[in-house]
Amino acid sequence: MRLLDDLQAGLDAIDAAHLRRVRRTAYSPTDRSQRTSMPGGEPRDILGFCGNDYLGLAAHPALAEAATAGVRQYGFGSGGSHLVSGHSVAHTRLETRMAALQAPHIPEADALFFCTGYMANLAVVSAMAQAGGIQPSQDCTVFSDALNHASLIDGARLSRAPVKVYPHADVAALDALLAASTSRNKLIVTDGVFSMDGDIAPLPELLALAERYDAWLIVDDAHGLGVVGKNGAGVLSHFGLRSERLVYVGTFGKAAGGSGAAIVAHRMVIDWLIQRARTYIFTTATPPAIACAVEAALDVIASEEGAERRARLTRHIAVWSAHAQRLSARFGWEWMPSPTAIQPIVIGENAPALALAAALEREGIRIAAIRPPTVPVGTARLRITLSAAHTDADIERLAHALEAAGQSLQPAKAA
């Protein structure tokens, strides 16, 4: 059939460019080590440095117990959308908790819980582009960082507003774009912690531009909530920001070890989203038990145990950074220094990045080789992520394995 032939040709092109994505199946809970399916073989235990469980909470007993209690109290399914019959007191409690967490940074804060971070980002950009009932195509412009997550990019596309992409973290370039804009409604959209580079957006400077040009500042803090800021409160806390212009997206599928996301903003913004956010209005609400588990995760994050986990993660980052700098200098890779759990090493072309990942996997270590279009062409990388669940021995094992893989796949640089 011609249609299938066309698909096969497209898949062949993906293979030729070393861009084929392959799923793995987990046979055990998410943890530092996980039993995982292997290509052409039996499942085996793999030490993972590729997930986003930065605090090691995904398998925490408190979250499992809260989810179990939630199922007993509310059943499993929510039974409807939030605006029909699916909104439970468990959802309300979580929203209240998130609003309180960001209240020092957002006046009159309120929150709205979404099934996923992707859905939250689609909602916040597309709905805020029509803020006040304006026509986005006529009187709104979205100003988007070049390295924003795909969900923010898709939200901007869905908004039907013109999009101006500014070079990554280039405040001067954004200033020029804003100065030239005549739009009544301006949205500055950025990741808080960038998922592939691990750097933190220059939020104080971005907020200053939002104040100067009467714009909203939308911040996706998927990779910051739980691990940066006071008590893990996120990037707004990290910088000590406060403004009614801030619209904050906190995601629960990373350091919180769960699922879903919450948008936190001034109460009028949240009311507007309830009226206009299509990915909130037209979908079944997340099971209440998930909200119960996330609330338990926020308890752990704010506790002494959470502080200890963040301290352990910080130590891992410091130890690994020294190894990464040494190995990158030796083998000609580009280490991207980061104060976060995301520790990328740019290899360059797709094939050698895949080869390194494969060599590590043969030694029982899993790291994702990230390739275009997730990252720019020519910047394929090992996206190494650290977790508080890792041990000191795990970090040393990774360093030794990566050094051995580098030696086996390319000549070392002269000392």
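**Exercise 1. Salt bridges between distant parts of the chain**

Task: State how many salt bridges the structure holds, and work out which elements are joined by the pair Asp-299 and Arg-97.

Solution. The structure, which is a predicted model, holds 17 salt bridges. One of them brings together the side chains of Asp-299 and Arg-97, with 2.7 Å from N to O. The next step is to place the two partners: Asp-299 belongs to helix H13 (residues 288–302) and Arg-97 to helix H4, so this pair ties together parts that lie 202 residues apart in sequence. The last step is accessibility, where the class runs from 20% to 50% for a partly exposed residue. Asp-299, at 42% relative accessibility, therefore counts as partly exposed, and Arg-97, at 25%, counts as partly exposed.

**Exercise 2. Two further pairs and a network**

Task: For the salt bridges Arg-381 with Asp-197 and Arg-245 with Glu-211, decide where each partner lies in the chain and whether Arg-381 and Asp-197 are buried or exposed.

Solution. Begin with Arg-381 and Asp-197, whose closest N and O atoms are 2.8 Å apart. Arg-381 is part of strand S14, whereas Asp-197 sits in the loop between S6 and H9, so that the pair links distant parts of the chain, 184 residues apart. Both Arg-381 and Asp-197 are buried.

Turn next to the side chains of Arg-245 and Glu-211, which meet in a salt bridge at 3.1 Å, N to O. Here Arg-245 is in the loop between helix H10 (235–239) and strand S8 (246–251), while Glu-211 is in helix H9, and the two distant parts linked in this way are 34 residues apart. The accessibilities of the partners are 16% for Arg-245, which is buried, and 39% for Glu-211, which is partly exposed. Finally, salt bridges with shared partners join Arg-24, Glu-361 and Arg-366 into one network.

**Exercise 3. The surroundings of strand S6**

Task: Explain why strand S6 (residues 185–191) can be described as largely enclosed, and identify the strands that pair with S6.

Solution. Start from the count of buried residues: 7 of the 7 residues of S6 are buried, so the strand is largely enclosed by the rest of the structure. Then consider the two faces separately, since Asn-185, Leu-187, Val-189 and Asp-191 lie on one side and Lys-186, Ile-188 and Thr-190 on the other, and both faces are covered.

The pairing comes next. Strand S4 (residues 140–145) runs parallel to S6 and is joined to it by 5 bridges, with Thr-141 standing opposite Lys-186. S7 also pairs with S6 in the parallel sense, over 5 bridges, and in S7 the bridge partner of Val-189 is Ile-218. To complete the picture, S6, H9 and S7 make up a right-handed β-α-β unit.

**Exercise 4. Strand S14 and helix H16**

Task: Describe how S14 is covered, name the strands that pair with S14, and list the elements against which the buried residues of H16 pack.

Solution. S14 is mostly covered, with 6 of its 6 residues buried. Ala-380, Leu-382 and Ile-384 point one way from the strand, whereas Arg-381, Arg-383 and Thr-385 point the other way. Strand S11 (residues 342–348) pairs with S14 in the antiparallel sense over 6 bridges, and Thr-385 is the bridge partner of Ile-342. S13 is likewise antiparallel to S14, over 3 bridges, with Leu-382 as the bridge partner of Ala-369.

For H16 (residues 392–409), the 18 residues reach 26 Å from the first C-alpha to the last, close to the 26 Å expected at 1.5 Å a residue. Among its buried residues are Ile-395, Leu-398, Leu-402 and Glu-403. The buried residues of this helix pack against strand S2 (41–48), helix H14 (304–331), S11, helix H15 (350–362), strand S12 (365–366) and S14.

**Exercise 5. Backbone features in loops**

Task: Determine which peptide bond is cis, and where Glu-108 and Asp-214, with their positive phi values, are found.

Solution. The peptide bond from Pro-372 to Pro-373 is cis, with omega near 10 degrees, and Pro-373 is in the loop between strand S13 (368–370) and strand S14 (380–385). Glu-108, which is not a glycine, has a positive phi near 50 degrees; its place is the loop between helix H4 (89–102) and strand S3 (109–114), and it is partly exposed at a relative accessible area of 47%. Asp-214, also not a glycine, has a positive phi of about 55 degrees and is found in the loop between helix H9 (203–212) and strand S7 (216–220).

How values were computed:
Residues numbered from 1 in each chain as written. Predicted model: local features only at pLDDT ≥ 70, side-chain atom pairs only at ≥ 80, totals over all residues. Heavy atoms only, no water. Helix = DSSP H or I, 4+ residues; strand = E, 2+ residues; numbered from the N terminus. Buried < 20%, exposed > 50% of the residue type's maximum accessible area, 1.4 Å probe, protein only. Pairing = 2+ DSSP bridges. Expected span 1.5 Å × (residues − 1). Contact = heavy atoms within 4.5 Å. Right-handed = clockwise from strand over helix to strand, strands pointing away. Salt bridge = Lys/Arg side-chain N within 4 Å of Asp/Glu carboxyl O.
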